[in-house]
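Trainee: Please take a close look at a single helix in this model and at what surrounds the helix.

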Amino acid sequence: MAEQSGDRNNFTFRFLPQRTFQFLSNPDVVLRLRKWSMQGRLCVQAFGFDENFQAYCKDDFFMAFFRDPNVISNLQLLSDCSGQWINLGEEVKKVEAIHIPCTQISMAFFDRLYSEEIVRENGHIVKCLDNFCDPFVISDELRKVLLMEDSEKYEIFSELDRTEFLFCIFKHLCLGGILCQYEDILDPYLETTKTIYKDLDENFMCYPSKKSHEQSFAYFIVDPLKRHINVLYHSFGVGELSF
């Protein structure tokens with residue numbers, strides 16, 4: 001929950017509406033996000049800041065971010081009640097910031113999906129008997145690797161691997177929204193992951209939703225040199241259906 005607070009520190013922020021992200025208007029990406037029930041529920045916003053950023057001060061930094069008037073009046077999220085985009089609207093009481101490593105920058109990171117026979121040589125994802133991992137129905141080996149800790153090949157990605165930003169984007173795309181139409185081949189997931197990662201990272205942390213869900217997320221990509229923050233946000237639900 002959020003409530004008013006008078007605490008402040010030295011960081012101030014400005015909204016950068018002129019900063020655009022090409023993947024949001026990429027026709028192939030838009031079609032895939034729509035198929036995966038994420039279109040209309042995913043957004044990216046950019047903010048600038050005026051002081052040097054140090055990772056060890058991330059909690060103070062993000063508390064200042066969420067309490068800044070320019071953030072409060074511009075940071076968008078989807079309303080749980082109306083399903084419409086709204087502004088944050090008020091200061092937050094508490095922030096938990098989690099460092100997400102970005103050491104993996106090559107799509108070769110996912111080659112093990114082929115060598116471990118999660119994906120066939122022709123790119124088709126191997127199917128399996130249906131399993132249920134609330135709230136997801138798992139019908140292939142890819143989603144088993146992503147979600148089922150007791151599956152035979154879950155450990156092909158270590159716990160550290162699973163914290164990587166590249167892995168997080170890939171996993172979110174593979175799981176999609178409520179009406180997600182899963183892909184039979186791997187390439188669309190890899191291509192879209194690469195496009196989004198490149199668009200965001202060439203320049204992290206979650207703010208809670210009232211309804212916690214694996215597919216409701218916000219990532220903050222901080223560029224300490226340009227003093228910019230890019231915010232990637234998605235709320236789990238039914239994405240836009242019309243083409």
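Mentor: What follows is an account of helix α6 and its packing.

The model is predicted, so local features need pLDDT of at least 70 and side-chain atom pairs count only at pLDDT 80 or more, while totals for chains, interfaces and linings use all residues. Residues are numbered from 1 along each chain as its sequence is written, and side-chain values use heavy atoms, with hydrogens and water left out.

Helix α6 spans residues 165-175, and 11 of the 11 are buried, so the helix is largely enclosed by the rest of the structure. Buried means under 20% relative accessible area with a 1.4 Å probe, protein chains only; helices are DSSP runs (H or I, at least four residues) and strands likewise (E, at least two), numbered from the N terminus. The buried residues include Lys171 and His172. Their cover includes α1 (27-35), α5 (141-147), α7 (187-201) and the strand β7 (217-223).

With α7, the packing angle is about 130 degrees and the axes are 9 Å apart; axes are lines fitted to C-alpha atoms over the stretch in contact, and angles run from 0 to 180 degrees between N-to-C directions. The two helices α6 and α7 are therefore oblique to each other, that is, neither under 35, over 145 nor 65 to 115 degrees. Contact means heavy atoms within 4.5 Å. On the α6 side, Phe165, Leu166, Ile169, Phe170, Leu173 and Cys174 meet α7 residues, among them Tyr189, Ile196 and Leu200. By class, this contact has 11 nonpolar, two polar and no charged residues; Ala, Val, Leu, Ile, Met, Phe, Trp, Tyr, Cys and Pro count as nonpolar, Asp, Glu, Lys and Arg as charged, and the others, Gly among them, as polar.

Just after α6, Gly176 has a positive phi of about 65 degrees.

Key: Buried means under 20% relative accessible area, exposed over 50%, partly exposed in between (1.4 Å probe, protein chains only).
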